[in-house]
Structure formats: C-alpha cells, structure tokens
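Here's a quick tour of one model, written for someone who likes to see the cut-offs. Have a look at the fold, then read on.

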Amino acid sequence: MANLCSGCQEKFYSVAAHETHRVGNYGEPIWQQSATGKSAKNVGYARSERHCLTADEMRSLDMTQDDKGIWHNPAGDYDWSARREQPVEVTS
Ligand SMILES: [Zn+2]
C-alpha cells in the first residue's frame, strides 16, 4: 500500500516519506499586540507556502524511487501515523 499525494500525484511508501516531500509553512497566524501589550489580536495569516518537492529535489534529499514508482524515505520508512495509533499505556 502506498500513500498517493493529492498535490503532485506521486506515490509514497510511508507517511514519513510523504512528509519529507512536503515543505514550507502552513500559513501561520499574524498577531498584532495592543498598545498596552497586554493582548494581541489576529490580524491575518501569512501566505501558506506548503508545497511538494519536485522529483529532482526529492532525489537531492536522497529519497529513492522503486521500480513501481513509489518514493522511499532515505532514513527508512518508519510510519509516524502508525505510532500515533498505538494505545496509550496506562500504569496504575
Ligand atoms: Zn506531493
């Protein structure tokens, strides 16, 4: 199973590999402090620069593409999402 990117239509072996090819900020909120400095209000958002790397840029990060055209992470395909789904250990 691979993760298909809706942005660039490339396939990724793992969520980690997919994360590697997505760069840039999400469009952070911009805060303006009040005259007293005691509060701040949201006056807008930075332009989101979140985007996909090109194939050449991915290769420059040592990502590799297998014979099925699926991209792999250089540091291994450890799946971050799988980790989040693990049950929390409860100690009593
Ligand atoms: Zn993409």
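## The nonpolar core

Seven residues make up the largest nonpolar core: F12, Y13, A16, A17, M58, M63 and W71. The term covers buried Ala, Val, Leu, Ile, Met, Phe, Trp, Tyr and Cys residues joined through C-beta atoms within 7 Å. "Buried" takes 20 or more other C-beta atoms within 10 Å of the residue's own, "exposed" 12 or fewer, and "partly exposed" lies in between, with C-beta atoms placed from the backbone. Nonpolar side chains tend to be buried together in soluble globular proteins.

M58 touches H21, L53, M63 and W71, not counting neighbours within four places in sequence. A contact here is a pair of C-beta atoms, placed from the backbone, within 7 Å.

## Where the model comes from

This is a predicted model, so local features need pLDDT of at least 70 and side-chain atom pairs count only at pLDDT 80 or more, while totals for chains, interfaces and linings use all residues. Residue numbers start from 1 along each chain as its sequence is written.

## The chain overall

The protein chain has three helices and eight strands, laid out along the sequence as β-β-α-β-β-β-β-α-β-β-α. Both are DSSP runs numbered from the N terminus: helices are H or I with at least four residues, strands E with at least two.

Of the 92 residues in the protein chain, 14% are buried. Take the contacts between residues at least 6 apart in sequence, and 53% of them join residues at least 24 apart.

## The four-stranded sheet

An open sheet with mixed pairing runs in the order β1-β2-β8-β7. Its edge strands, β1 (3-4) and β7 (64-65), each pair on one side only. Pairing means that DSSP finds at least two bridges between two strands.

Further in, β2 (residues 11-12) and β8 (residues 70-72) are parallel and share two bridges. Across that pair, K11 sits opposite I70 in β8.

## The hairpin

β4 (residues 29-33) and β5 (residues 40-45) run antiparallel, joined by five bridges. One bridge pair is Q32 with K41 in β5. The hairpin leaves six residues between the strands, and G37 in the turn has a positive phi of about 80 degrees. β4 is hardly covered: zero of its five residues are buried.

Is S34, in the loop between β4 and β5, buried or exposed? It counts as exposed, because S34 has 9 C-beta neighbours inside 10 Å. Leaving aside neighbours within four places in sequence, S34 contacts S39 and A40.

Terms used. Two residues are in contact if their C-beta atoms, placed from the backbone, lie within 7 Å.
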